Amino acid sequence: MKSLSIVIPAYNEEVFLLKLIDLIRQVDTEGLGYKKEIIIVDDGSTDNTLELAENLAEASSEIKVIHQANQGKGRAVQRGIMDATGDFILVQDADLEYDPEDYLPMLSQLKSSHSSIYGSRIKGQIQFFKRRFPFPGRHPDQGFGSWIAGVFLTIWAFLLYGRWITDTLTAYKIYPTDVIKDMNIITNGFETDHEITAKLIKKGIRIIEVPIHYNPRTIDQGKKIRMKDGFVAVWVFFRFKFWK
């Protein structure tokens, strides 16, 4: 049986963490031949996230907890990758915007160790809710600004790399462990996702998109990404097209 390391970068997620872990443990990845390893990386939380995570780890051998000073989501993901022992790595945000049940359709498309799976919210909205122009793929609760930023980044990535990725901003991605561990990742924040995407394309790794569900939350509910992160993403895609 192969193994899947689920890396969860968490900063002040005490409201969601317990429910998230419960949902993850209910997903029958073993039925598809993947044993789970859960790695919670606390990124210097100031609430009870770390304490909750440590209690979970004490009760279950499949859960590992790492604590670091606050350095950003990208650095937390990298820290989790360092300790991952699975054949593949899935990054799971600690909030509940994404449904762990979508692990199954994503894993079912994982045919090769030279492939990466991206969960596409755009394809999910089109498939599950029959969305059409002028707002294909936009969840009714998703802000227009974040949606249009995603559309722009799809076009920008295509112009730079010749790859059409409907949802470059998705937080659901599965990476081959050997490929991702071999990368020299230098960014620290949300832009790490885009650095990894750029480097996967340059390495010739196939990116397969799978429709997933999405339950967006607002800034008032704890969402941390901001408008400036969109501009950073544009620069990161450009930067790693021409530099290492």
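Trainee: Which residues of helix α3, residues 73–83, are buried?

Mentor: They are Lys73, Gly74, Ala76, Val77, Gln78, Gly80 and Ile81. Bear in mind that this is a predicted model.

Trainee: What do the buried residues of α3 pack against?

Mentor: Their partners are the strands β1 (2–10), β2 (34–43), β3 (63–68) and β4, together with the helices α7 (177–181) and α8 (192–202). Packing here rests on contact, which means heavy atoms within 4.5 Å.

Trainee: Take Gly74, which lies in helix α3. Why is Gly74 called buried?

Mentor: The relative accessible area of Gly74 is 0%. Buried means under 20%, so Gly74 counts as buried.

Trainee: What does Gly74 touch, leaving out residues up to four places away in sequence?

Mentor: Gly74 touches Asn188, Gly189 and Thr192. Gly74 and Thr192 are 118 residues apart along the chain, yet their C-alpha atoms are separated by 5.0 Å.

Trainee: Glu191 sits in the loop between α7 and α8. What makes Glu191 buried rather than partly exposed?

Mentor: Glu191 has a relative accessible area of 18%. The limit for buried is under 20%, so Glu191 falls on the buried side. Setting aside residues up to four places away in sequence, Glu191 touches Val232 and Val236.

Trainee: Is His194, whose place is in helix α8, buried or exposed?

Mentor: His194 is buried, because its relative accessibility is 4% and the cut-off is under 20%. Beyond residues up to four places away in sequence, His194 touches Leu153, Thr168, Leu169, Ala233, Val236 and Phe237. Val236 is 42 residues from His194 in sequence, and the two are 6.6 Å apart in space, C-alpha to C-alpha.

Trainee: Now Val65, in strand β3. Why is Val65 called partly exposed?

Mentor: The value for Val65 is 23%. Partly exposed covers what lies between under 20% and over 50%, so Val65 belongs to that class. With its neighbours within four places in sequence left aside, Val65 is in contact with Ile40, Leu50, Ala53, Glu54 and Ala57. Between Val65 and Ile38 there are 8.5 Å in space, C-alpha to C-alpha, and the two are 27 residues apart in sequence.

Trainee: What class does Asp28 fall into, in the loop between α1 and β2, and why?

Mentor: Asp28 has a relative accessible area of 48%. Exposed means over 50%, so Asp28 is still partly exposed. Asp28 and Glu101 are 8.6 Å apart in space, C-alpha to C-alpha, and 73 residues apart in sequence.

Trainee: What is the phi of Asn12, and how do you know that Asn12 is partly exposed?

Mentor: Asn12, in the loop between β1 and α1 (17–26), has a positive phi of about 55° although it is not a glycine. Most residues other than glycine have a negative phi. As for exposure, Asn12 has a relative accessible area of 26%, and values between the limits of under 20% and over 50% count as partly exposed.

Trainee: How many aromatic pairs are there?

Mentor: The count comes to nine aromatic pairs. One of them joins Tyr98 and Tyr214.

Trainee: Why is the pair of Tyr98 and Tyr214 called tilted?

Mentor: The ring centres are 5.7 Å apart, and the planes stand at 50°. Centres within 6.5 Å make a pair, and an angle that is neither under 30 degrees nor over 60 is tilted. The values for Tyr98 and Tyr214 meet both conditions, so the pair is tilted. This pair links distant parts of the chain, 116 residues apart: Tyr98 is in the loop between β4 (88–91) and α4 (103–108), and Tyr214 in the loop between β7 (206–211) and α9 (227–242). Both residues are buried. Ring pairs also link Tyr98, Tyr103, Tyr172 and Tyr214 into a cluster.

Trainee: How do you know that the radius of gyration of the protein agrees with a compact globule?

Mentor: For 244 residues the globule value would be near 18 Å; the protein has 17 Å, so the two agree. Its C-alpha atoms fill a box of roughly 50 × 40 × 35 Å along the principal axes, and 52% of its residues count as buried. The secondary structure comes to nine helices and seven strands.

Note on methods: Residues are numbered from 1 along each chain as its sequence is written. This is a predicted model: local features need pLDDT of at least 70, side-chain atom pairs count only at pLDDT 80 or more; totals for chains, interfaces and linings use all residues. Side-chain values use heavy atoms; hydrogens and water are left out. Helices (H or I, at least four residues) and strands (E, at least two) are DSSP runs, numbered from the N terminus. The radius of gyration is taken over C-alpha atoms; the globule rule is 2.2 Å times the number of residues to the power 0.38. Buried means under 20% relative accessible area, exposed over 50%, partly exposed in between (1.4 Å probe, protein chains only). Rings of Phe, Tyr and Trp (its six-membered ring) pair if their centres lie within 6.5 Å; planes under 30 degrees apart count as stacked, over 60 as edge-to-face and the rest as tilted.
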